[in-house]
Amino acid sequence: MKKVYLDNTATTPVLPEVRYEMLPFLTESFGNPSCLHEWGDIPRDAMKKAREQIAGLIGANPEEIIFTSSGTESNNMAVKGLAMAQQKKGKHVVVSAIEHFSVLNSAKTLEKMGFEFSMVPVDKYGVVNPEDVRKAIRDDTILVSIMHANGEVGTIEPIKEIAQTTKEKGVLFHTDAVATTGNIPVNVKELGVDALSLAGNMFYGPKGAAALWIKKGTRILPLLDGGIQEGGRRAGTENVAGIVGMGKAAEMARVEMPARMDKLTKVRDYLITELPAKISHVIVTGHSQNRLPGHASFCVEFIEGESMLMLLNAKGVGVTSGSACTSRALQASHVLLAMGLPHEIAQGSLLFGLGIDNTKEDIDYVLEVLPPIVERLRQMSPLYSKFIKQNKGG
Amino acid sequence: MPIYSEKVMDHFTNPRNVGEIENADGIGEVGNPVCGDMMTFYIKVKDNRLEDVKYKTFGCGAAIAVSSMVSELAKGKTLEEAMTITPKSVAEELQGLPQNKFHCSNLGAQALHKAIEDYQSKQKVGGQVNG
């Protein structure tokens, strides 16, 4: 059976070149980079190179990069660590309603520790209005955390504009750039932020390797106390193989980015145009222009996302959904609800994360197998039969 | 391991008795799109037995499999027998459901019972009119 992986927002595969670079650090170059003997020298040098590669991808200085274990850890460290280091100045944090749970729940943890947070809304395309951020900033605000792009609807946020406000107000600005780094140009100086999260498995590196960039001179309280790894800001023996792999993936992403973006955008636009043409009552979610190159998301009306996902899986197609039934917490996507979509529409969420290997033929296969699945589920949907009866009546 | 048992996948991919019954003797509707699942059961009753059971379901794979299994278990049973079908027995017949799906998706028995109660309340009203 044909297999088509279209869930690259969950994770990308590891490129063969990346795996090749990693292997020595899982075999003969096993040493601990903190050690002063030659077993330590090799991984230490490899980490230095990876730090330069990551810094090169985002226009940063290598010494500003802190390696972490995941985008989630980077976001936790940024939100909690920056807020706690600034708490003498104030105890108020601003986030958007569509942040990843690693940011939202970090803000909630801060709340339990005596901080307050405000949540700025988004419009129906998932865009944060910089003016809303300006209004949310108070005298005691110390940190704003707004994502660079949302992984569920692909919308890219106006980070530069928001950074103008935070600079003016003297408030730190962190951006969760996990969905964007390695996929579209990300330059910390151009964005004007103070901290930025990224994750290797979003750009063909391995899982378990990620980073937080913090502008030089910015104080942060570590989440993990221990040794002096990462300049004392993130203790723990380093995931050398993962970090090396992420470094290689970063270098490849930097070099190949224009070609990748061009290819992905074409295949994505084909899917976004053709799917609603093949299936009636489909809503494209997210922004039409300010959108991640490989990202296409929809809500298929009258049916539920998990059942579509499972039937697509039976046809060899891997996608995801923001429906309540798909989430382990059994709650519909907070992103789609924040964009004003009603629950019954949000339940029909279907999300395609295209990868650099996907072709137009892959999309043609989806366009062949999905319409009968939708038709079959609609034929058994009470919402669809109600809709048909109402239309006949009207 | 896939999240669903083979039996769930079988009933989900080949659901039995899908549809509506014209002039059904009883209709039972449960759930709402907020929680994710909605089911409407239709029954035809003859001589105190469920002559036909059909349903329409909006929901996940588990919800669809549950509806299918309930329809299969209920068909041909007396009303009293059908009232003894429980979420637990449905889940057992399906070789288990994922733990987090047990409550939200396992609404089939409730929808069937509602349809039977709907039939019984119509009978009472009908009886009074006739009497």
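In chain A of this predicted model, residues 24 or more positions apart account for 72% of the contacts with a separation of 6 or more. Chain A holds 13 helices and 12 strands. Its radius of gyration is 22 Å, close to the 21 Å that the globule rule gives for 394 residues, so chain A is as compact as a globular protein of that length. Along the principal axes, the C-alpha atoms of chain A fill a box of roughly 75 × 55 × 35 Å. Of the 394 residues in chain A, 55% count as buried.

We can turn next to the strands. Seven strands of chain A form an open sheet, and following them across gives the order β2-β8-β7-β6-β5-β3-β4. The pairing within this sheet is mixed. At the edges stand β2 (65-68) and β4 (116-120) of chain A; each has a single partner strand, so one side of each is left without a neighbour in the sheet. From one strand to the next, the twist averages 20 degrees.

Strand β6 of chain A, which covers residues 172-176, repays a closer look. Five of its five residues are buried, so β6(A) is largely enclosed by the rest of the structure. In a regular strand the side chains alternate between the two faces of the sheet. In β6(A), A:L172, A:H174 and A:D176 lie on one side, while A:F173 and A:T175 lie on the other. Both faces are covered, as the residues on either side are all buried.

The partners of β6(A) can be followed residue by residue. Strand β5 (residues 141-145) of chain A pairs with β6(A) in the parallel sense, over three bridges. Here A:L143 stands opposite A:L172 of β6(A). Strand β7 (residues 195-199) of chain A also pairs with β6(A) in the parallel sense, again over three bridges. In this pairing, A:A195 of β7(A) is the bridge partner of A:H174.

Helices pack together too. Two packed helices are described by the angle between their axes and the distance between the axes. For helix α2 (residues 38-58) and helix α8 (residues 240-278) of chain A, the axes come within 8 Å and cross at roughly 35 degrees. The crossing of α2(A) and α8(A) is left-handed. On the α2(A) side, the residues that make the contact include A:P43, A:A46, A:M47 and A:A50. On the α8(A) side they include A:V240, A:I243, A:V244 and A:M246. Sorted by character, the residues of the contact between α2(A) and α8(A) divide into 12 nonpolar, three polar and three charged.

A different kind of local feature appears in the loops. Most residues other than glycine have a negative phi, and most peptide bonds are trans. A:E230 is not a glycine, yet it has a positive phi of about 50 degrees. This residue sits in the loop between β8 (210-214) and α8 of chain A. A:E230 is buried, with 20 other C-beta atoms within 10 Å. In chain B, B:N48 also has a positive phi, of about 65 degrees, although it is not a glycine. B:N48 is found in the loop between β2 and β3 of chain B. With 10 C-beta neighbours inside 10 Å, B:N48 counts as exposed.

Chain B also offers a buried helical residue to explore. B:A109 lies in helix α5 (residues 108-130) of chain B, and it is buried, with 25 other C-beta atoms within 10 Å. Leaving aside neighbours within four places in sequence, B:A109 is in contact with B:V70, B:I85, B:T86, B:P87 and B:V90. One of these, B:I85, is 24 residues from B:A109 in sequence, but the two are 6.1 Å apart in space, C-alpha to C-alpha.

Finally, the two chains meet. Their contact takes 20 residues from chain B and 19 residues from chain A. On the side of chain B that touches chain A, the elements giving two or more residues are α1 (6-13), β2 (37-46), β3 (49-58) and α2 (61-74) of chain B. The largest share, three residues, comes from β3(B). This side of chain B divides into 11 nonpolar, seven polar and two charged residues.

Key
Residues numbered from 1 in each chain as written. Chains lettered and ligands numbered in written order. Predicted model: local features only at pLDDT ≥ 70, side-chain atom pairs only at ≥ 80, totals over all residues. Contact = placed C-beta atoms within 7 Å. Helix = DSSP H or I, 4+ residues; strand = E, 2+ residues; numbered from the N terminus. Nonpolar A, V, L, I, M, F, W, Y, C, P; charged D, E, K, R; others polar. Rg over C-alpha atoms; globule rule 2.2 N^0.38 Å. Buried ≥ 20, exposed ≤ 12 C-beta atoms within 10 Å, placed from the backbone. Axes fitted to C-alpha atoms, helices over the stretch in contact; angles between N-to-C directions. Left-handed = near helix turned anticlockwise from the far one by under 90°. Pairing = 2+ DSSP bridges.
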